[in-house]
Amino acid sequence: MTTRDSKDSVRLERRTFLTAALGSTAVLAADVACGSPVGMAPMTGRRRFENKVVLVTGATSGIGRAAAIAFAAEGGKVAFCGRRENLGQEVEQLIRQAGGEATYYKVDVRDADAVRTFVDTVVQHYGGLHVAFNNAGISMAKGLHDISLEEWNDLSDTNVRGVFAAMRAQIPHMLSAGGGSIVVTSSVQAFATRKGSSAYTASKRALVGIVQAAALEYGTLGIRVNALCPGTVDTPLVRRQMGAENMPEEQFQEAAAAWARVNVHGQQRLATAAEVADAALMLACDDHPYLTGSAFVIDGGMTLAL
């Protein structure tokens, strides 16, 4: 494919998404799972994380934010990080006002030393570490030959190296405590991809490999490790990439519904961050002690027809 053909194919997918609503170019990354703001989760009566210390990366928005709130609503002592301090403080305040326990730390997962300090500080502050949800990640929609080395490295350092650095810091604490549960946010692009997704797909497939190897290495030592593989989630990141940050909500929902009818073959709608976060809690909790090494797909049936 020529350079022009490669770029045109990405533009065509972007136009397809919002043509009905905008009549202009916009993009929805078909599998990104990082971002819509949510309020405090309602108390459900379940307390699966009572007296447990839960660490979440990439929790200032989207799935990470929804998960931090949900873990706290079920009794977890939640320590979470992200780069956007104002949003992190907002999530911490929201959880505390609802009667939960949470502490925000400004951490960039690309900085391995900062990640280790974060994990060690959380263990010292809360007295242990029982659950880690390594969710931080970024995306990119670009033809392979148009990706600069700097862009490739930034995405890989965030999505893959950041998870490796987090797990490397978390596992010794879990081993010393006799076990724990780790969940990593991968993507349906671990199994099926799209044009313009070479860098992102490579990173998300790498995460499944890390999860599977770690599940083998620590399975007899009390640590379960699983991958969460979401499909399309309504997130701020997705809205930014499709140029819809300031779009009226009703118009966005109409465009998203039109796109989902074609691309999300089962339920024909986008996921909410809370729905995917709930799956993360399911993987992390003690209800399924035999569940490890899995790549759990939650995509509304998107990949069934790819």
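Biologist: Which residues of the largest nonpolar core touch the most other members?

Modeller: This is a predicted model, in which local features need pLDDT of at least 70, side-chain atom pairs count only at pLDDT 80 or more, and totals for chains, interfaces and linings use all residues. Residues are numbered from 1 along each chain as its sequence is written, and side-chain values use heavy atoms, without hydrogens and water. A nonpolar core is a set of buried Ala, Val, Leu, Ile, Met, Phe, Trp, Tyr and Cys residues joined through side-chain atoms within 4.5 Å. This one has 35 residues, and those touching the most other members are F118, V122, M167, I182 and V225.

Biologist: Nice! Which helices and strands each supply at least two residues of this core?

Modeller: Helices (H or I, at least four residues) and strands (E, at least two) are DSSP runs, numbered from the N terminus. The elements that each supply at least two core residues are β1 (53-57), β2 (77-82), α4 (112-126), α5 (149-177), β5 (180-185), α6 (198-218) and β6 (223-230).

Biologist: Which residues is F118 in contact with, leaving aside its neighbours within four places in sequence?

Modeller: Contact means heavy atoms within 4.5 Å. With those neighbours set aside, the partners of F118 are L55, V56, T57, A79, F80, C81, Y105 and V107.

Biologist: Are helices α2 and α3 roughly parallel or roughly antiparallel to each other?

Modeller: The axes, lines fitted to C-alpha atoms over the stretch in contact, with angles running from 0 to 180 degrees between N-to-C directions, come within 10 Å for α2 (residues 62-73) and α3 (residues 85-97) and cross at roughly 25°. Angles under 35 degrees count as roughly parallel, over 145 as roughly antiparallel, 65 to 115 as roughly perpendicular and the rest as oblique. The two helices are therefore roughly parallel.

Biologist: And which residues of α3 do they meet, those of α2?

Modeller: On the α2 side, the residues are R65, A68, I69 and A72. Their counterparts in α3 are E90, V91, L94 and I95.

Biologist: What does D154 count as in terms of accessibility?

Modeller: D154 is found in helix α5 and, leaving aside neighbours within four places in sequence, is in contact with R110 and I138. Buried means under 20% relative accessible area, exposed over 50%, partly exposed in between (1.4 Å probe, protein chains only). With a relative accessibility of 29%, D154 counts as partly exposed.

Biologist: How far apart in space are D154 and R110, C-alpha to C-alpha?

Modeller: In sequence, D154 and R110 are 44 residues apart. In space, their C-alpha to C-alpha distance is 8.1 Å.
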